[in-house]
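Trainee: I should be grateful for a close look at a single part of this model. Please explain how its neighbouring pieces are connected, and how far the prediction may be relied upon there.

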Amino acid sequence: MVLFYPTLRITFKLKEPLDCLLNKGRVYTIRPFVVREGMKRVIDGRTNKVVAIAMVTKIGRVHLNRLVVKVQDKYIPLSNFVEFSGFNSLGEWIIALYKVTNNTRGVKLYLYRVELLKKVKNRE
């Protein structure tokens with residue numbers, strides 16, 4: 001039973017990262033905009049239904065030209081996060097990112113960790 005139903009949401013347009021979250025309990029996602037941290041409803045962008053409640057935490061700014069994430073003053077290889085991205089390789093993840101954002105040149109990108117708190121049964 002969910003006592004608190006978050007008003008904020010995060011939407012996943014792609015199947016792979018959403019499946020990773022639902023099956024592995026967490027996912028790393030790159031967004032071309034700043035996302036407010038905290039508890040959120042997880043929306044399946046293909047069906048527009050709430051599928052889970054999750055905690056969203058910002059990891060850092062992504063620098064695609066160097067394939068790194070800047071966390072405070074350190075640079076961490078983006079490849080460290082592939083296992084929980086929903087994709088099989090860094091290349092596959094980057095290609096999917098380009099498709100979803102239509103082009104990432106000149107856009108600030110941010111890496112977030114989304115941790116599953118509760119799956120939500122879809123109401124028909």
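Mentor: The account below follows one run of strands and turns, and then places it within the chain. The model is predicted: local features need pLDDT of at least 70, and side-chain atom pairs count only at pLDDT 80 or more, while totals for chains, interfaces and linings use all residues. Numbering starts from 1 along each chain as its sequence is written, and side-chain values use heavy atoms, without hydrogens and water.

The run begins with β4 (49-63) and β5 (68-71), and R66 is placed in the loop between them. (Strands are DSSP runs of E with at least two residues, helices are runs of H or I with at least four, and both are numbered from the N terminus.) β4 and β5 are paired antiparallel through three bridges; pairing requires at least two DSSP bridges between two strands. H63 has V68 of β5 as its bridge partner. Together β4 and β5 make a hairpin with four residues between them, and in this turn L67 shows a positive phi of about 55°.

From β5 the path continues to strand β6 (residues 74-77), and these two strands are also antiparallel, with four bridges. Here V71 is bridged to K74 of β6. The hairpin of β5 and β6 has two residues between the strands, and Q72 has a positive phi near 55°.

R66 returns in a surface feature: R61, R66, K70 and K108 form a positive patch. (Patch residues have over 30% relative accessible area and no salt bridge, and like charges are joined within 9 Å; areas come from the Shrake-Rupley method with a 1.4 Å probe.) A salt bridge is a side-chain nitrogen of Lys or Arg within 4 Å of a carboxyl oxygen of Asp or Glu, and three are counted in this model.

As for reliability, the chain averages a pLDDT (the predictor's confidence per residue, from 0 to 100) of 90, and 91% of the residues score at least 70. Confidence is highest in helix α1 (residues 15-24), at 97, and lowest in helix α2 (residues 90-101), at a mean of 88.

Technical notes. Patch = residues over 30% accessible without salt bridge, like charges linked within 9 Å, V, L, I, M, F, W, Y side chains within 5 Å. Lys, Arg positive; Asp, Glu negative; His and termini not counted. Charge placed at Lys NZ, Arg CZ, Asp CG, Glu CD.
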